[in-house]
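User: Please take a close look at one part of this structure, namely its salt bridges and the buried positions around them. A connected account in prose would be preferred.

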Amino acid sequence: MVAPDWQTFAANTTVHGLRYVFESPSRFRRVIWLLLLLGAMAIYVFLVAQSVAKYYSNPVNTEFKEIVPEKGELTFPAVTICNLNRFVKTKINMFENDDNFYKMSLNLSACEAIKMANIHLSCGQGLLCAFERFGSAVAENCNETTRQQIISVLNSTKKPIFNPEEFLSTYGHDFEDMFLYYCRFAAIENCTSADFQPSLTQNGLCFTFNSGENATTVRGTRRAGTSGGLSVILDVQANENTISEFSRGLRVVVHDQGTFINLEKGFNVFPGSHTLARVTTTKRERLQYPYHSNCTQRLIPGMPRYSRDGCFLQCEANTTLAMCGCRIMGIPVPSNSSVCTFQHQFCEERCAESHNPSKCSCGIPCEEIEYTSQVSYSQFPDVGAAKILKHLKAYNKSMEYQRANLVFLQVGFQHHGYTLVTETPSYRLGSLLGDIGGNMGLFLGCSLLTLFEFVDLLWSVLESRADRSKSISSQEQNDPV
């Protein structure tokens, strides 16, 4: 029968307290043991539910390690240098009758329109007057009336004849003119102006050292400190200033190769300074869905490596392209679309106001290298450095000119190694089963095998019922009706 089977099970099971519910001599004690058993079971079920919820929340551990490469060589970052001045004064003020006008390829497609608007302006003056917000103030022979006339002429054609990217690239600084013929890497390798690859940004033309572009080798170093990195002397050409970010000097960005150049993450360098940038490296490795990081390994067209900054900018560019039919200056994709110009100004402003970055699917990258720069400055050059420049490079500029124009930039690692930040799952299936089993033993005093005791009880009950059915059928067959 069932009752004897259950009593036998309760007396012998490994579930703590169950036997006392049936075998205690008084009813009061049996009730107390029943309440205790039910309370323990309730707590156990609650904790199991918490463990299961924790397992499906996919928590992670963040681990920090200081890594020194086995081969001893650290990959040196890309160093992008931008002159804060966007346009060279000599180019801006050069007229067509100058022999260098065509040699320097200053004859842009929009130059004819400038002649139609005002014959007293050079092509560069007219374009600067119209292009920059304060153009009428900084361009010679220009006022607000002239500015509106030029814009009106440039907007009169069906297809834009003015290309802002072409204007910035052609009338911006040439690195060869900024380069002072002193450049060393890791104190043993000479570098030249050809090692600095030009790249167009939204703020103008920049030049990147160790970019890895055009099949160039990415340099590495075995030495920490600025002596193990890039050392270069540059001339900011302060006498060529036209318009900048209201200051003169350089913007320097230290970043990973192939990623978007975010000028907002750079630092400014003023003329007449010896600038030391000590770089620390952090490499992050994140987990993909279903973990909270939900990192992405997607690619952005035109950018070899994904970055969140580049993704947000590309998202804004896609919105602008959809609304205005043109691409944002400095964004190479799609290359077959025209660059936004005066004709799109109102649409661009409306697009910028309506753009919502939260609607961009820009997750954090699964692998990312971050460079943090600690920057210090001192005056450059001193008397000794000026003498060395004169002796080795035949540089005869006055000390006044040198301190108003020269920059000695050194970029190197602060220490030999990098910080590796990795995410690992903190609660796997084994942890879940361990918590379930541990709480089972703590509150009920049983284990996984106890479950099979209940299976065995069920089997015994079914067998007992089957035997009873057979016995009843046998008796019915033997008894005559």
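Analyst: The account below begins with the salt bridges and then turns to a helix pair and two individual residues.

This is a predicted model, in which local features need pLDDT of at least 70 and side-chain atom pairs count only at pLDDT 80 or more, while totals for chains, interfaces and linings use all residues. Residues are numbered from 1 along each chain as its sequence is written, and side-chain values use heavy atoms, with hydrogens and water left out.

A search of the whole structure finds 14 salt bridges, a salt bridge being a side-chain nitrogen of Lys or Arg within 4 Å of a carboxyl oxygen of Asp or Glu. One of them joins D174 to K91, with the closest N and O atoms 3.1 Å apart. This pair links distant parts of the chain, 83 residues apart: D174 lies in the loop between α10 (164–171) and α11 (175–178), and K91 in helix α4 (residues 89–92). Helices (H or I, at least four residues) and strands (E, at least two) are DSSP runs, numbered from the N terminus. D174 counts as partly exposed at 32% relative accessibility, whereas K91 counts as buried at 5%. Here buried means under 20% relative accessible area, exposed over 50%, and partly exposed in between (1.4 Å probe, protein chains only).

A salt bridge also connects the side chains of D195 and R219, at 3.3 Å from N to O. D195 is in the loop between β5 (189–190) and β6 (196–201), and R219 is in the loop between β7 (204–209) and β8 (220–221), 24 residues apart. D195 is partly exposed at 23% relative accessibility, and R219 is buried at 14%.

For R305 and D256, the N to O distance in the salt bridge is 2.6 Å. R305 lies in the loop between β12 (273–285) and α12 (308–324) and D256 in the loop between β10 (250–255) and β11 (267–269), so this pair ties together parts that are 49 residues apart in sequence. R305 is partly exposed at 33% relative accessibility; D256 is buried at 6%. Elsewhere, salt bridges that share partners join E96, E112 and K115 into one network.

The helix pair comes next. α7 (123–131) and helix α9 (residues 144–154) pack at an angle of about 95°, with their axes 9 Å apart. Axes are lines fitted to C-alpha atoms, for helices over the stretch in contact, and angles run from 0 to 180 degrees between N-to-C directions. The angle makes α7 roughly perpendicular to α9, a label covering 65 to 115 degrees, with under 35 counted as roughly parallel, over 145 as roughly antiparallel and the rest as oblique. G126, L127, C129 and A130 in α7 meet R147, I150, I151 and L154 in α9, where contact means heavy atoms within 4.5 Å.

E132 is located in the loop between α7 and α8 (135–138) and is buried at 8% relative accessibility. Leaving aside neighbours within four places in sequence, E132 is in contact with R86, F87, R147 and I243. R147 is also among the α9 residues that meet α7.

S273, in strand β12, is buried with a relative accessible area of 0%. Beyond its neighbours within four places in sequence, S273 is in contact with Y377, S378, F380, L406, V407 and F408.
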